[in-house]
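Reader: I should be grateful for a close look at one aromatic residue on the surface, followed by an account of the fold around it. Please treat the helices, the nonpolar cores and the charged pairs in turn.

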Amino acid sequence: MQQTIGTCGLTEQKASEKYGKDNLKIYKSKFSNLFYGIFDLKPEEKPKTLMKLICAGIDEKVVGIHVLGMGADEMMQGFGVAMKMGCTKVSGLFLCIDLCT
């Protein structure tokens with residue numbers, strides 16, 4: 001199966017150059033896509049989706065989000081709108097994402 005990629009905003013390197021490494025918080029997550037929830041597969045057999053959220057400043061404004069996996073291109077549509085509106089990590093859209101470092 002071919003993976004899709006969705007990206008919006010700055011890369012980690014560009015964000016570091018713009019905001020300074022000490023002013024960034026990087027969240028990463030790896031999870032099974034919901035598409036595979038109904039299949040009788042062991043968790044380790046299910047294809048994974050990778051996500052990286054790049055936040056800047058004390059308010060953790062989202063300055064970059066990157067997704068690799070099934071449906072990543074579709075996921076980015078909503079995230080792109082939220083970023084354009086100046087969302088932070090604790091904004092409503094990102095509360096539903098359980099990201100951990």
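Author: Phe 39 counts as partly exposed because its relative accessibility is 39%; under 20% would be buried and over 50% exposed, with a 1.4 Å probe and protein chains only. The model is predicted: local features need pLDDT of at least 70 and side-chain atom pairs pLDDT 80 or more, whereas totals for chains, interfaces and linings use all residues. Residues are numbered from 1 along each chain as its sequence is written, and side-chain values use heavy atoms, without hydrogens or water.

Phe 39 sits in the loop that joins β2 (24–32) to β3 (48–56); helices (H or I, at least four residues) and strands (E, at least two) are DSSP runs, numbered from the N terminus. Together with Phe 35, Ile 38 and Leu 41, Phe 39 makes up a nonpolar surface patch with about 420 Å² of accessible area. Areas follow the Shrake-Rupley method with a 1.4 Å probe, and for residues only the protein chains shown count as cover. A patch joins residues of over 30% relative accessible area and no salt bridge, like charges within 9 Å and nonpolar side chains (Val, Leu, Ile, Met, Phe, Trp, Tyr) within 5 Å.

The setting of this loop is a protein chain with three helices and four strands, whose elements run β-α-β-β-β-α-α from the N terminus on. Of the 101 residues in the protein chain, 33% are buried.

In contrast to the patch, the cores lie under cover. In soluble globular proteins, nonpolar side chains tend to be buried together. The largest nonpolar core holds 13 residues, and Leu 53, Val 62, Ile 65 and Val 67 have the most contacts inside it; a core is a set of buried Ala, Val, Leu, Ile, Met, Phe, Trp, Tyr and Cys residues joined through side-chain atoms within 4.5 Å. Two or more residues of this core come from each of β3, β4 (61–68) and α2, and α2 gives the largest share, five residues. Another core, of six residues, lies apart from the largest one and includes Ala 15, Leu 24, Ile 26 and Ala 56.

Helix α2 deserves its own paragraph. Its buried residues are Ala 72, Met 76, Phe 79, Ala 82 and Met 83. The 13 residues of α2 (residues 72–84), at 1.5 Å a residue, should span 18 Å, which agrees with the 18 Å between its end C-alpha atoms; the expected span is 1.5 Å times one less than the number of residues. At Gly 78, α2 bends by about 25 degrees, an angle between axes fitted to the seven residues ending there and the seven starting there. Gly 86, just after α2, takes a positive phi of about 80 degrees. On the other side, Gly 71 belongs to the loop between β4 and α2 and is partly exposed, at 28% relative accessibility. The C-alpha atoms of Gly 71 and Thr 49 are 8.8 Å apart, although 22 residues separate the two in sequence.

Strand β3 also contains Met 51, which is buried at 5% relative accessibility. Between the C-alpha atoms of Met 51 and Lys 28 there are 5.6 Å, with their positions 23 residues apart along the chain. In the loop from β3 to β4 lies Glu 60. Glu 60 is not a glycine, yet its phi is positive, at about 55 degrees. Most residues other than glycine have a negative phi. With a relative accessible area of 18%, Glu 60 is buried.

As to the charged pairs, the structure holds two salt bridges, each a side-chain nitrogen of Lys or Arg within 4 Å of a carboxyl oxygen of Asp or Glu. One joins the side chains of Lys 52 and Glu 12, at 2.7 Å from N to O. Lys 52 lies in strand β3 and Glu 12 in helix α1 (residues 12–19), so this pair ties together parts 40 residues apart in sequence. Lys 52 is partly exposed at 23% relative accessibility, and Glu 12 is partly exposed at 33%. The salt bridge between Lys 14 and Glu 17 has its closest N and O atoms 4.0 Å apart. Lys 14 and Glu 17 are three residues apart in helix α1, so about one helical turn separates them. Lys 14 is partly exposed, with a relative accessible area of 47%, whereas Glu 17 is exposed, with 52%.
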